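Biologist: Hey, I've just opened this one and could use a tour. Can you put it up on screen?

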Amino acid sequence: MTIHPKIAEFLKSLPEPDGSPLDPVAMRAGENAQVPPVADRLPIHDVREATSATSSGDVPVRIYTPAEAESYGVLVYFHGGAFFSGSLETHDHIARSLAKETGLEVVAVDFRLAPEHEFPAGLEDCYRVVRWVAENSGELKWDGRTLAIAGDSSGGNFVAAVVAKARDDGFDRITHQILYYPSLDLDFDVDRYPSLRENAEGYGLETGILEPFNAFYFESGADRSDPLVSPIKREDLSGLPTALIVTAEHDPLRDEGELYGKRLQEAGVNATVSRYDGANHGFVQHFSWIPEFQRVFTETAEFLRRS
């Protein structure tokens, strides 16, 4: 299937790269400048800023409450951005949609970014917030049952790494893992996955930019051979939480996400892999307003309910 015409139209409007060095600070500022005002965002019962006091320090979070209730299932969300960009603001609409569709209280994590903060700072922030949710159930009104974690792109990488850390630490409260077009193998051998060549150019995220984007993460101390950096390299995937892996047809990272799902299934994990035809990398963030792709939030809600 060809790329969705609305996405194709947008891609044609993008300027050609000028070869300038990537500036993470400038890129973050540019992203945040495009965020719509609060008045134009999806209404939610309550949105509040909070601080997660963890053993690795205070981590800012934003809590989205879909409705008034005595208790809530919780979904902890990690935004994408190649480990060096993205924010609570750039992904606010995803958190709002997840809260509305799932009925869960969403806790979005404002984790530390590379290269200013060395690996594993961001990953530890995400992991510690998940532990904080379980340890502060009274404050969050957590129902003690559903504790899901979700993330897109590099946030999906953090999801896979967090569930692995939790299993190794004997922390068994995470019930679900949800990964949207995850970046799971940071060893960018273009011959490793066919999608790296099939979707190399013309679909937004290009194979050639993966290395420079993630260079900020490597410069901050990440070793691409470490399973906590490239979670698909973990040998034993047994005992991990039930999973939903969403991939996009026209995404260089498509095949590693689908391989992760297959390996989870082979390890005995209840894992669902769902490919969105006509979509590209980042479609949940940028194109979930397109009717064909809006169902990703409904699918997520249905996954949580049936499992």
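Modeller: Here is a short walk through the sheet, some helices and a few backbone details.

Biologist: Where do these coordinates come from?

Modeller: This is a predicted model, where local features need pLDDT of at least 70 and side-chain atom pairs count only at pLDDT 80 or more, while totals for chains, interfaces and linings use all residues. Residues are numbered from 1 along each chain as its sequence is written, and side-chain values use heavy atoms, with hydrogens and water left out.

Biologist: Cool. What order do the strands of the open sheet have?

Modeller: The open sheet has 8 strands in the order β1-β2-β4-β3-β5-β6-β7-β8, and the pairing is mixed. Strands (E, at least two residues) and helices (H or I, at least four) are DSSP runs, numbered from the N terminus. Two strands pair if DSSP finds at least two bridges between them.

Biologist: And which strands stand at the edges?

Modeller: β1 (46-54) and β8 (271-280) do; each has a single partner strand, so one side of each is left without a neighbour in the sheet. From one strand to the next, the twist averages 20°.

Biologist: How many bridges join β5 to β6?

Modeller: There are 5 bridges between β5 (residues 142-152) and β6, and these strands run parallel. I149 stands opposite Q177 in β6.

Biologist: Is β2 with β4 parallel or antiparallel?

Modeller: Antiparallel: β2 (residues 57-65) and β4 (residues 105-109) pair over 4 bridges. There, V61 stands opposite V109 in β4.

Biologist: Back to β6, why is it largely enclosed?

Modeller: 5 of the 5 residues of β6 (residues 176-180) are buried, so the strand is largely enclosed by the rest of the structure. Buried means under 20% relative accessible area, exposed means over 50%, and partly exposed is in between, using a 1.4 Å probe and protein chains only. H176, I178 and Y180 are buried on one side of β6, and Q177 and L179 on the other, which leaves both faces covered.

Biologist: Which strands does helix α6 lie across?

Modeller: α6 (residues 154-169) lies across β3 (72-78), β5 and β6, and runs at about 135° to β5. Angles run from 0 to 180 degrees between N-to-C directions, and the axes are lines fitted to C-alpha atoms, for helices over the stretch in contact.

Biologist: New topic: at what angle do α3 and α11 pack?

Modeller: α3 (residues 92-102) and α11 (residues 291-306) pack at about 50°, with their axes 9 Å apart. That makes α3 oblique to α11. Under 35 degrees counts as roughly parallel, over 145 as roughly antiparallel, 65 to 115 as roughly perpendicular, and the rest as oblique.

Biologist: Which residues meet there?

Modeller: I94, S97, L98, E101 and T102 in α3 meet F297, T298, T300, A301, L304 and R305 in α11. Contact means heavy atoms within 4.5 Å.

Biologist: Where are the cis peptide bonds to P115 and P120?

Modeller: One runs from A114 to P115, with omega near 0°, and another joins F119 and P120, with omega about 10°. P115 lies in the loop between β4 and α4 (121-135), and P120 lies in the loop between β4 and α4 too.

Biologist: Last one: what is phi of A82, and of K141?

Modeller: Phi of A82 is near 55°, positive in a residue other than glycine. K141 isn't a glycine either, and has a positive phi of about 60°. A82, in the loop between β3 and α3, is buried at 13% relative accessible area. K141, in the loop between α5 (137-140) and β5, is partly exposed at 36%.
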